Amino acid sequence: MARKKLMAANWKMYKTPQQAQEFLRAFLPLVEGHSRDEIAICPPFVCLPAVVEALAGQSIGVGAQNLHWEKEGAYTGEVSAGMLVAVGCTHVIIGHSERRQYFGETDETVNRKLQAALAAGLTPIVCVGEVLQERESGLTEDVLRRQCQRGLRGISGDQARTLVIAYEPVWAIGTGKTATPQIAAEAHVVIRAEAAKALSKAVAEDMRILYGGSVKPDNAKALMSEREIDGALVGGASLDPKSFAAIVKW
Ligand code: PEP
């Protein structure tokens, strides 16, 4: 069965609650009746309640950009999976390269966060991808295998039925350089093979693997037409309602 694509917006540290509502007022009419793909909006934490409220009655997911693996505790500045569910979140991004690069996230913390997200019933979007130097040294496959093996350690196929992985080559994020559909497809095949080993062949076959890295309205069609690409994680181009709607409707 064909996998339904997921088109997810990662707003990073952009937009206040009011700006988020303004975005949705413009965006919703542009995607009205669009049921071919799933859509999710991942705003900053403080915007989550406003986005949940603005999306009431719509079949559009709301995702956080991070979570902590503990249920609660003395972890200043952190937010748990249960807290995200309590405000109406459905999705959560885990292990984005910016969090790995600037906030010390490792494959081990990704694994703990993934376990917490799955236990809480959230749909995790786990990000993996190589940096430019790794690609140029021919290490892309090794990096993807390692990130998948460690990130998925101890997780069963049954637990992982909602798992989404986003292949985000770091050299393509926010740079305007996009992986070709072929480059992305090759990486997705590696990721799916690792998921099959860690979870099961059947779960890996159903699992969606998104592409992320400078997806724009003018390259979305070529990328999304590739059979191995099951959707997009969109940063910069998701901040404008017209541009994200054009990507969703590729
Ligand atoms: C991202 O932040 O996940 C991303 C893919 O960013 P951009 O689309 O801006 O490259």
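What follows is a chat about a ligand site and three helix pairs in a predicted model.

Me: Hi! Let's start with the ligand. Which residues come nearest to it?
Reply: Happy to help! There are 14 residues around the ligand, and Lys-12, Glu-168, Gly-174, Ser-214 and Gly-236 come nearest.

Me: What does the side chain of Lys-12 do there, in terms of distance to a ligand oxygen atom?
Reply: A polar atom of the Lys-12 side chain sits 2.7 Å from an oxygen atom of the ligand.

Me: And which backbone atoms lie 2.8 Å from a ligand oxygen?
Reply: Gly-235 has a polar backbone atom 2.8 Å from an oxygen atom of the ligand. Gly-236 also places a polar backbone atom 2.8 Å from a ligand oxygen atom.

Me: Nice. On to helices: at what angle do H1 and H11 cross?
Reply: H1 covers residues 17–30 and H11 covers residues 241–248; their axes cross at roughly 30° and come within 9 Å. With angles under 35 degrees counted as roughly parallel, H1 and H11 are therefore roughly parallel to each other. Their crossing is right-handed.

Me: Who makes that contact?
Reply: From H1 it's Phe-23, Ala-26, Phe-27 and Leu-30, and from H11 it's Pro-241, Lys-242, Phe-244, Ala-245 and Val-248. In the contact of H1 with H11, eight residues are nonpolar, one is charged and none is polar.

Me: Now H5 and H7. Are they roughly parallel or oblique?
Reply: H5 (residues 107–119) packs against H7 (residues 140–151) at about 45°, and their axes are 8 Å apart. H5 and H7 are therefore oblique to each other. Is the handedness next on your list? The crossing of H5 and H7 is right-handed.

Me: Ha, it was! Which residues meet there?
Reply: Asp-107, Glu-108, Val-110, Asn-111 and Leu-114 of H5 meet Arg-146, Gln-147, Arg-150 and Gly-151 of H7. The H5 contact with H7 has two nonpolar, three polar and four charged residues.

Me: How does H7 pack with H8?
Reply: H8 spans residues 181–198, and H7 packs with H8 at an angle of about 35°, with axes 9 Å apart. H7 passes H8 in a right-handed crossing.

Me: Last one: which residues of H7 and H8 make the contact?
Reply: H7 brings Glu-141, Leu-144, Arg-145, Cys-148 and Gln-149, while H8 brings Ala-187, Val-190, Ile-191, Glu-194 and Lys-197. Sorted by type, the residues of the contact of H7 with H8 are five nonpolar, one polar and four charged.

Definitions and conventions:
Residues are numbered from 1 along each chain as its sequence is written. This is a predicted model: local features need pLDDT of at least 70, side-chain atom pairs count only at pLDDT 80 or more; totals for chains, interfaces and linings use all residues. Side-chain values use heavy atoms; hydrogens and water are left out. Axes are lines fitted to C-alpha atoms, for helices over the stretch in contact, and angles run from 0 to 180 degrees between N-to-C directions. Helices (H or I, at least four residues) and strands (E, at least two) are DSSP runs, numbered from the N terminus. Angles under 35 degrees count as roughly parallel, over 145 as roughly antiparallel, 65 to 115 as roughly perpendicular and the rest as oblique. A crossing is left-handed if the near helix is turned anticlockwise from the far one by less than a right angle, and right-handed if clockwise. Contact means heavy atoms within 4.5 Å. Ala, Val, Leu, Ile, Met, Phe, Trp, Tyr, Cys and Pro count as nonpolar, Asp, Glu, Lys and Arg as charged, and the others, Gly among them, as polar. A residue is near a molecule or strand if one of its heavy atoms lies within 4 Å of it. A polar contact is a pair of N or O atoms within 3.5 Å; within protein, one must be able to donate a hydrogen and the other to accept it, and residues adjacent in sequence count only if both atoms are side-chain atoms.
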